[in-house]
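Trainee: Could we go through this one together, a question at a time? I would like to see the reasoning behind each answer.

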2 protein chains.
Amino acid sequence: MRIFNFSAGPAVLPEPVLQQAAAEMLDWRGSGMSVMEMSHRGKEFISIADKAESSLRTLLAIPPEYKVLFLQGGAIGENAIVPMNLLQGRTTADFVNTGEWSKKSIKEARKYCTVHIAASSEDKDFTYVPDQSAWKLSPDPAYVHVCTNETIAGLEYQWTPDTGNIPLVADMSSNILSRPVDVAKYGVIYGGAQKNMGPAGLTLVIVRADLLDRALPITPSAFHWKEQSAADSMFNTPPTYAVYIAGLVFEWLLAQGGLAVIEQKNIEKSTLLYDYLDHSSFYRSSVRREDRSRMNVTFRLADEAQDEAFLKGAVQRGMVQLKGHRAVGGIRASIYNAMPLEGVRRLVEYMREFEARHG
Amino acid sequence: MRIFNFSAGPAVLPEPVLQQAAAEMLDWRGSGMSVMEMSHRGKEFISIADKAESSLRTLLAIPPEYKVLFLQGGAIGENAIVPMNLLQGRTTADFVNTGEWSKKSIKEARKYCTVHIAASSEDKDFTYVPDQSAWKLSPDPAYVHVCTNETIAGLEYQWTPDTGNIPLVADMSSNILSRPVDVAKYGVIYGGAQKNMGPAGLTLVIVRADLLDRALPITPSAFHWKEQSAADSMFNTPPTYAVYIAGLVFEWLLAQGGLAVIEQKNIEKSTLLYDYLDHSSFYRSSVRREDRSRMNVTFRLADEAQDEAFLKGAVQRGMVQLKGHRAVGGIRASIYNAMPLEGVRRLVEYMREFEARHG
């Protein structure tokens, strides 16, 4: 029996994708091989990778002047790889600090440049996204970095920053493909696949072609965007099976009607939870209302001592991974694209039941 | 129908592993989740990763003072990551150049240090492994790097170098787990998984603990061996599904009787092919006899113009990916652990038939 998995990542995948992967495991469409066994240079895998890229381009309406790379290393790897690829000729990069994932980016970037904090919400425990009017950019940064969704506090940009001619770089690991995005507003979009795209081990980079000439000489070839772009992400062997699964997820998203439809579903799911939270005095959300994440809904019980009983009862009802991140505690429901509405309904129903019993 | 896949990598996997992966795809042992969906910090996945590591330790008899890391980036990523992790306090690294994979390591290392070529077989088109008596090490290198199996020419060390107190670093991507290895002779062993271990996207690093203190400050945390070792390879999200499949491959190897038994099978398979090559004047192998690879058997037809017909006939008989690497041409049969003896028998039978028809 399948359970409802509220993990922050790796996370729930669409059941039809898993069914197809299981059915094709020993013989992909008459090839006599598993996708895992295919040479990345063979015509079968090249067709899989091409299809994945074109589906993604359709979903996000990626303009032709942007390159799509399927790499490795995850977002934390990319936290170091981004500055390596963008710092040629400049010594400073600007960051907006909205939480733990921003802080990781900042820590890695400091190995390669001066980091300027343009804005931060650390003063209020990362419970809000600083308005752009409060950002103070440095005179000539290589780029401005944001994390569009912070999974730990449960914070999400509901607007797109405007940094003019300075490239805007976004870690979108945890909300990519959950809504339409105007890619042209960004210089670079990157993210690990394990929340909304597929298995851990695949890293997506979408980069404007004119930014490919800014790498430092120390950039490893396997993570050098220009070299990877010239080789269609096959400078080294890509994580082939993860690309295949991500391609199936992209097709599933297209079959649902694309990102405008997906966004409506995500609004519906998150509203169901937030509405309940707002009408309860037993549970509380500490994130500023307009910055609440649709992907990671965090909340606390009136009495923290009841957390354990709450989590245990959830598991008994087939709902797992609801524990908040160890850095902040509390409860966290990660409700990515593949979480069915039914899972959220069950959670709210259980919260109501728990409140009635313990409130 | 399953075919015989002679790809150099990603490559054939054991059929029972694929069957188990298919059966467990939607619900891993009653967890209600796919392994792909599991939080890497949940007890289910931690049990999978622990089992994979302990199986690998048993297979290779890894001494306790060695750390086992499951990372990302492949061997080409590691070509840059190795020098980053080992160069603190030293400016030179020594390399033995035996082919294309050695050359890639050298190219990446030059970004971080002076590369000294201790020996090379480039003078004879990489058809032999230079004897250690001919190696000329530099005065104080950070390490000596070898590639124990070159997939393109089809060259393999049949002996273990002795570099005394200087750490020996080996790229074993393409022959790891094909035979027993005396790990204690090495400072670092690394490799991409996609030949003998599992899906592309997983990178294995086995490192002696005393070498963990030599990283350059520019080393990205995701690829920093000491940070990853302290976090049990979970400093960032590991490629969880690839770790799971590799763990199943390790169990399959143990069930066969371990690496001594596997080595005998690999000797049997490669001998079948080389014996036939040596008794034919139609096909020829150009690698020095004592350095021939058991994993990648390369050969040429008497008349190159017949290559295409040879490859086409092979495909018609269910044998694919026999084309030599584009850098050298000819024919290449990659016969990793998971290639059944039957596949090699069929290939020799076809070679005999083709020779009779065209010889």
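Mentor: Happy to! Keep in mind that this is a predicted model. A good place to begin is A:Ala61, which has 13 other C-beta atoms within 10 Å and is partly exposed.

Trainee: What is the phi of A:Ala61, and where is the residue found?

Mentor: Most residues other than glycine have a negative phi. A:Ala61 is not a glycine, yet its phi is positive. The residue is found in the loop between helix 2 and strand 2 (66-71) of chain A, and its phi is near 50°.

Trainee: B:Phe126 has a positive phi too. Is B:Phe126 buried or exposed?

Mentor: Its phi is about 55°, and B:Phe126 is not a glycine either. The residue sits in the loop between strand 4 (114-120) and strand 5 (144-147) of chain B. A residue counts as buried once 20 or more other C-beta atoms lie within 10 Å of its own. B:Phe126 has 24 of them, so the answer is buried.

Trainee: Which residues does a cis peptide bond join in chain A?

Mentor: Most peptide bonds are trans. In chain A, omega is about -10° at a bond that leads into the loop residue A:Pro10, between strand 1 (4-5) and helix 1. Chain B has a cis bond between B:Gly9 and B:Pro10, with omega about -10°, and B:Pro10 lies in the loop between strand 1 (4-5) and helix 1 (15-23) of chain B. For chain A, the residues joined are A:Gly9 and A:Pro10.

Trainee: Let us turn to the two chains together. How many residues does each chain give to the contact, and which helix of chain A gives the largest share?

Mentor: The contact takes 57 residues from chain A and 57 residues from chain B. On the side of chain A, the elements that give two or more residues are helix 1 (15-23), helix 3 (74-86) and helix 6 (240-256). By class, that side has 30 nonpolar, 22 polar and five charged residues. The largest share, five residues, comes from helix 3 of chain A.

Trainee: Why are the two copies described as related by a two-fold rotation axis, and which C-alpha of chain A is nearest the axis?

Mentor: Chain A superposes on chain B through a rotation of 180° with 0.0 Å of shift along the axis, at an RMSD of 0.0 Å. The copies are therefore related as by a two-fold rotation axis. The same surface serves both, as 100% of the contact residues of chain A recur in chain B. The C-alpha nearest the axis in chain A, 2.2 Å from it, is that of A:Ala22.

Trainee: Now the interior. Which residues of the largest nonpolar core touch the most other members?

Mentor: This core has 218 residues. Take B:Val188 as an example: beyond its neighbours within four places in sequence, its contacts include B:Val82, B:Pro167, B:Val205 and B:Leu211. The residues that touch the most other members are A:Val188, A:Ile245, A:Ala246, B:Val188, B:Ile245 and B:Ala246.

Trainee: A:Val188 belongs to strand 9 of chain A. Which strands pair with strand 9, and which residue stands opposite A:Gly192?

Mentor: Five of the five residues of strand 9 (188-192) are buried, with A:Val188, A:Tyr190 and A:Gly192 pointing one way and A:Ile189 and A:Gly191 the other. Strand 8 (168-171) runs parallel to strand 9 and is joined to it by three bridges, with A:Ala170 opposite A:Ile189. Strand 10 (203-208) pairs with strand 9 in the antiparallel sense over five bridges. The residue opposite A:Gly192 is A:Thr203.

Trainee: In chain B, what is the bridge partner of B:Leu71 in strand 10?

Mentor: Strand 2 (66-71) of chain B is largely enclosed by the rest of the structure, because five of its six residues are buried. It pairs with strand 10 (203-208) of chain B in the antiparallel sense over six bridges. The partner of B:Leu71 there is B:Thr203.

Trainee: One last check: how far apart are the end C-alpha atoms of helix 7 of chain A?

Mentor: Helix 7 (259-278) has 20 residues, which at 1.5 Å a residue should span 28 Å. Its buried residues, among them A:Leu259, A:Ile262 and A:Leu273, pack against elements including helix 2 (43-60) and helix 9 (341-358) of chain A. The end C-alpha atoms agree with the expected span, at 27 Å apart.

Conventions:
Residues numbered from 1 in each chain as written. Chains lettered and ligands numbered in written order. Predicted model: local features only at pLDDT ≥ 70, side-chain atom pairs only at ≥ 80, totals over all residues. Contact = placed C-beta atoms within 7 Å. Helix = DSSP H or I, 4+ residues; strand = E, 2+ residues; numbered from the N terminus. Nonpolar A, V, L, I, M, F, W, Y, C, P; charged D, E, K, R; others polar. Least-squares fit on C-alpha atoms with pLDDT ≥ 70 in both. Expected span 1.5 Å × (residues − 1). Buried ≥ 20, exposed ≤ 12 C-beta atoms within 10 Å, placed from the backbone. Core = buried A, V, L, I, M, F, W, Y, C linked by C-beta atoms within 7 Å. Pairing = 2+ DSSP bridges.
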